[in-house]
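Thanks for coming. I will take one chain and go through it piece by piece, then stop.

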Amino acid sequence: MKRFATVRFWHRAAVGLLLINLLPLFVISLYARMCANDYAYAILVRKAIKGGHGPGGYFAALARQVLHSYKTWQGSYAAAFFSTLVPGAFHPKAYALTGICMTGLLVLSVFVFFRSISRGARALMAADIAAVVTSLLLIECMPRALDAFFWWNGAANYTVFFILEMLEAAIFMKLLRSGSCSNLLTALCCILAFLISGGNYVPSLVGAECALLCLIMYAARFRKFPMRLFLVNIFSLSGLALSIFSPGNAVRMATDMHTQAATTPQALFALIFRCLQLAAGAIQGSVQLFLILGLVFLLPFLWLLSETPEPPAAAQAFGAKVPVVLAAGTAFLLYASSFAPTVFVDGTEGPVRTMNYRHMLLIVLLVLLEAHIVRRVRCLLQNAMGEKLQSLEHAALMDAPGYFGSIVLIFAVCCLYYIVPTQNRTIIPSIAAARSVLIGEAPAYAEEMDERESVLTAAGEGADVVVTLPQDRPGLLYSISLDITQDENGWLDKSVAEYYGLHTVQASEQ
């Protein structure tokens, strides 16, 4: 029993479970193929690659595409840059890198972040366990994994920027903990802030708010002006201004009749109230058994993660004195602010891609809030009990015979609730991926899309081509809303035609 009641055992078990969950996602990524906006952003790049212009021609085409988007569509220059890096432009099967990169980098960024908040070697394994549970909650509860991981354009507009924000937050934690960081890390943080501000306005707004919040926390703790964080905020606000005042935004807003201009106090208060209302509803909808079990499972490991080599007074000075109500309120307002850009445009929560980003933001905020509560309790007990607390911790966390049984029970409930029901076999990403591959659905879909690729590539310059829609449609890889339509003048059909150098492309009526 004691062999199982060790942090080392649970560290190995957690990492192993994460790898098991990632494996089917990596495998199904091999069958992903280009769709929707991928073609529009890769047109110039594909022409440069086919023309054999070399690296110089490739980067020149990439720059032209970003500039074109900046002038004619919207100011999110970094989102346009990442959207143009479509792996499928080099080879159709290279698109498999989409799912592998997005899931892999997301998990890596979560590990980097949680390791940045650990204090001392003993807390590293606890930090890794927290990262594993958070990663599983991010991936397995994703509103639509297709947009988040397996569609390049959808992931490049939101998942990539969440990854960048996690890396930036790791540097922020180093600054807040030690009061300083190297010039190299400061420069990296400035670059990350500038890139995040050039994303779509949901992540860019949250990124700018996090940078400002970190500046305030630093000034409150160290009682001095945070010059390095001030510089990061300058880069963040400069990038945001560059994005907001782009010519493309003016063009897009002129044609978007749904844009809501909050130019009066009444309209501004209505926008704020709507954001709070949507945020409260989204949180209520996100509370499910898997999330609750994950947070409960994390409690003892967050307790170990909160261990600090600092004296109790110094530990309390770094965030532990912040009231839970204030911390929870700040987290809620930060989450609610992510609704502002879409509410401003059309009064709604926006497309599923934005909800994917908000889901990731909410999970991390909940885990951090739980960690803050645990650390606050620990600091209070440490001040009251001193060295006696350590012996009590060991007895409560490691030797309690009911602890191992409770973990097994939690795991069993998860298995029964999420694996046994038939409907979950197409909803939970890892389970859906394994199922799709095992029954041959994903391989059959990839074969159909490869046949389409052959037809489009073999057609002569300026030809009119009619393609068929795939019969096999794995939910993680395909959505009919992202495929070619029967309207040869539709934006997607025209983009595909231009991508392959054809006159028209449309789907057959069958």
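Before the first number, a definition: two residues are in contact when heavy atoms of theirs lie within 4.5 Å. With that in hand, take the contacts in the chain between residues at least 6 apart in sequence: 78% of them join residues at least 24 apart. Please keep in mind that this is a predicted model.

The overall inventory comes next. The secondary structure amounts to 24 helices and two strands. The chain has 510 residues, and buried ones make up 50% of them.

Let me start with the strands. Strand β1 covers residues 464-467, and strand β2 covers residues 504-507. The two run parallel and are joined by four bridges. Within that pairing, Val465 stands opposite Val505 of β2. How does the chain get from β1 to β2? The path goes through helix α24, residues 491-500, and this β-α-β crossover is right-handed.

Which side chains of β1 are buried? Val465 and Val467 are, and they point to one face. Asp464 and Val466 point to the other face and are not buried. That fits the general pattern: in a regular strand, side chains alternate between the two faces of the sheet.

Now a helix pair. Helix α5, residues 97-116, packs against helix α9, residues 159-178, at an angle of about 15°, with the axes 9 Å apart. Angles under 35 degrees count as roughly parallel, so α5 is described as roughly parallel to α9. The crossing of α5 past α9 is left-handed. On the α5 side, the residues that meet α9 include Met102, Leu105, Leu106, Val110 and Phe113. Among those on the α9 side are Phe162, Ile163, Met166, Leu167 and Met173.

Helix α9 turns up again around helix α4. Helix α4 is residues 77-84, and seven of its eight residues are buried. Those seven are Tyr77, Ala78, Ala79, Ala80, Phe82, Ser83 and Thr84. What do they pack against? Their partners are α2, α3, α8, α9, α10 and α12.

One residue of α3 deserves a slide of its own, and that is Tyr70. Is Tyr70 buried or exposed? Its relative accessible area is 17%, and the cut-off for buried is under 20%, so Tyr70 counts as buried. Leaving aside neighbours within four places in sequence, Tyr70 is in contact with Gly75, Tyr77, Leu242, Ser246, Pro247 and Gly248. Tyr77 in that list is one of the buried residues of α4. For a sense of the distances along the chain, Tyr70 and Ser243 are 173 residues apart in sequence but 8.2 Å apart in space, C-alpha to C-alpha.

Last, two backbone details. Ala36 has a phi near 50°, a positive value in a residue other than glycine. Arg223 is another such case, with phi near 55°. Where do they sit? Ala36 is in the loop between α1 and α2, and Arg223 is in the loop between α11 and α12. Their surroundings are described by opposite words: Ala36 is buried, with a relative accessible area of 2%, whereas Arg223 is exposed, at 67%.

That is what I have. Questions, please.

Definitions and conventions. Residues are numbered from 1 along each chain as its sequence is written. This is a predicted model: local features need pLDDT of at least 70, side-chain atom pairs count only at pLDDT 80 or more; totals for chains, interfaces and linings use all residues. Side-chain values use heavy atoms; hydrogens and water are left out. Buried means under 20% relative accessible area, exposed over 50%, partly exposed in between (1.4 Å probe, protein chains only). Two strands pair if DSSP finds at least two bridges between them. A crossover is right-handed if, with the strands pointing away from the viewer, the path from the first strand over the helix to the second runs clockwise. Axes are lines fitted to C-alpha atoms, for helices over the stretch in contact, and angles run from 0 to 180 degrees between N-to-C directions. Angles under 35 degrees count as roughly parallel, over 145 as roughly antiparallel, 65 to 115 as roughly perpendicular and the rest as oblique. A crossing is left-handed if the near helix is turned anticlockwise from the far one by less than a right angle, and right-handed if clockwise.
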